[in-house]
Amino acid sequence: MTAALERSIDAESLLAETLRYARTRAYTGWDYADGMSSRLLQAVPVDNQWLNLVVQEGIKRAPINLRRLFLVEQRQSFKGSALFALANHNASLLGREEVDYDAEATRLADWLVDNRREGYHGFCGGHAHALQDLGSRRVPSEGDVVSTTYGVRALLALSAFDPDYATLAESAAEFLTRDLNYTETADGAYITYVAAEDATYHTLNAIALAASLFCDLYEYTGTVAYAEQATALLSFVVARQTPLGGWYYRDPPEASHLSMDGHHNGFIIECLVRYAEQVDATRFAPALDRSLQFYRDQLFERDGAPRWDEKRIFPRDIHAAAQGIIVFTRAGDLDFATRILEWTLKTLYAGDGRFYYRKERFYTKRIVLMRWAEAWMAYALSEYALAYREASVQPPEATDVR
């Protein structure tokens, strides 16, 4: 029996509480960078990127929640809804009976179908709020690869309830290849994060997630072309792995506003794990081993506390913690996943299914964000609980008595 199985975290009940919190609020709430949805900002008669940035970043970085003061709209997130759909479905697989979890999951899947982004060649999703960057702006009508990946995963997981989910999910391949400019290179292939992304850099975790989407389609359909596209995309990403074992947010690194941060590296590593499970266990094994070692040693403390990146400890973010639970659970290290979950419950859990946003060096941001915190933790808890259940029912290893 592993050390994880000797501990007393009731992950299934925590999952039920987290889903109850979200369900009673119709999966609607505030989000990480939602300041552009301030009705006060929208009432300003001029549109100025610097004012937009001040409001967006000020609300995001404030030690207290200013969203109510700035009349920020609470919205339902596409990515968050996909994660909640997966978490509800996993709760059903666990046999939870507080509610009809699969009915909840299919209601969320129907919402994804109804709220897919229009004007593209295939199924896709996007952010719930406008995002202001330096010199550019992303609007909610845009489709992006990250939201789409989780939407596809949810629809495929629930396809037994409606085969049209799978048909729509498969059309996302056209979104990636045609709208996100799937481009083959000497060392693989890349896509853009959104259709209009600057072609002078590549967002590496987005490319890895595109590979994960193709892995999911390959597992569901058996179409070899999807496996080949996943391989090409991950080859491009693996070629940019640093000597430390991690990845910068963008390639080239000088185009990145982030270093080797926790949750984006977690995305890439999870995609490598899923590729090993779904396509080929050996092709990227050395890169996966190096990245897991880097992830554990450089992006987490020994007690499971997430670091911001390979250089900075703070802030310790709920999304980084949730992604760590997912990665180590899927990688088969349930002990370390348990360690992260224990730290999270001790440090960022508010009770009643609510998780706080961040632990700074001297204070905690006691803000509950529906997608960034609740959806990610619901999904992480559901994956952990399933793995814990499976591990707990495995027979003990036979003892050689010769």
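This passage looks at the salt bridges, a nonpolar surface patch and the cysteines of a predicted model.

Charged pairs offer a good place to start. Side chains of opposite charge can pair when their charged atoms come close. In this model, the count of salt bridges comes to 26. One of them joins the side chains of E12 and R96, with an N to O distance of 3.7 Å. E12 belongs to helix 1 (residues 11-23), while R96 sits in the loop between helix 4 (78-93) and helix 5 (101-114), so this contact ties together parts that lie 84 residues apart in sequence. With a relative accessibility of 17%, E12 counts as buried, because the cut-off for that class is under 20%. The pair also has company: E12 and R96 are linked with E98 and R389 in a network of salt bridges.

A second salt bridge is formed by D187 and R240, whose closest N and O atoms are 2.8 Å apart. Here, too, distant parts of the chain are linked: D187 is found in the loop between strand 5 (183-185) and strand 6 (188-190), and R240 in the loop between helix 10 (224-238) and strand 8 (250-251), 53 residues apart. D187 is partly exposed, at 30% relative accessible area.

The salt bridge between E270 and R274 has its closest N and O atoms 3.8 Å apart. Both residues lie in helix 11 (residues 262-278), and because they are four residues apart, about one helical turn separates them. E270 is buried, with a relative accessible area of 2%, and R274 counts as buried as well, at 6%.

Turning to the surface, V44, V46 and L51 make a nonpolar patch of about 210 Å². Of these residues, L51 is placed in helix 3 (residues 49-61) and is partly exposed, with 31% relative accessible area.

The cysteines complete the picture. A disulfide is a covalent bond between the sulfur atoms of two cysteines. The count of disulfides in the model is zero. For C124, the closest cysteine sulfur is that of C271, 18 Å away, which is too far for a bond. C271 is likewise in no disulfide, and its nearest cysteine sulfur, in C215, is 7.8 Å away; the cut-off for a disulfide is within 2.5 Å, so this pair does not qualify. C124 counts as buried at 0% relative accessibility, and C271 counts as buried at 1%.

Definitions and conventions
Residues numbered from 1 in each chain as written. Predicted model: local features only at pLDDT ≥ 70, side-chain atom pairs only at ≥ 80, totals over all residues. Heavy atoms only, no water. Salt bridge = Lys/Arg side-chain N within 4 Å of Asp/Glu carboxyl O. Helix = DSSP H or I, 4+ residues; strand = E, 2+ residues; numbered from the N terminus. Buried < 20%, exposed > 50% of the residue type's maximum accessible area, 1.4 Å probe, protein only. Patch = residues over 30% accessible without salt bridge, like charges linked within 9 Å, V, L, I, M, F, W, Y side chains within 5 Å. Areas by Shrake-Rupley, 256 points an atom, 1.4 Å probe, with all protein chains shown as cover.
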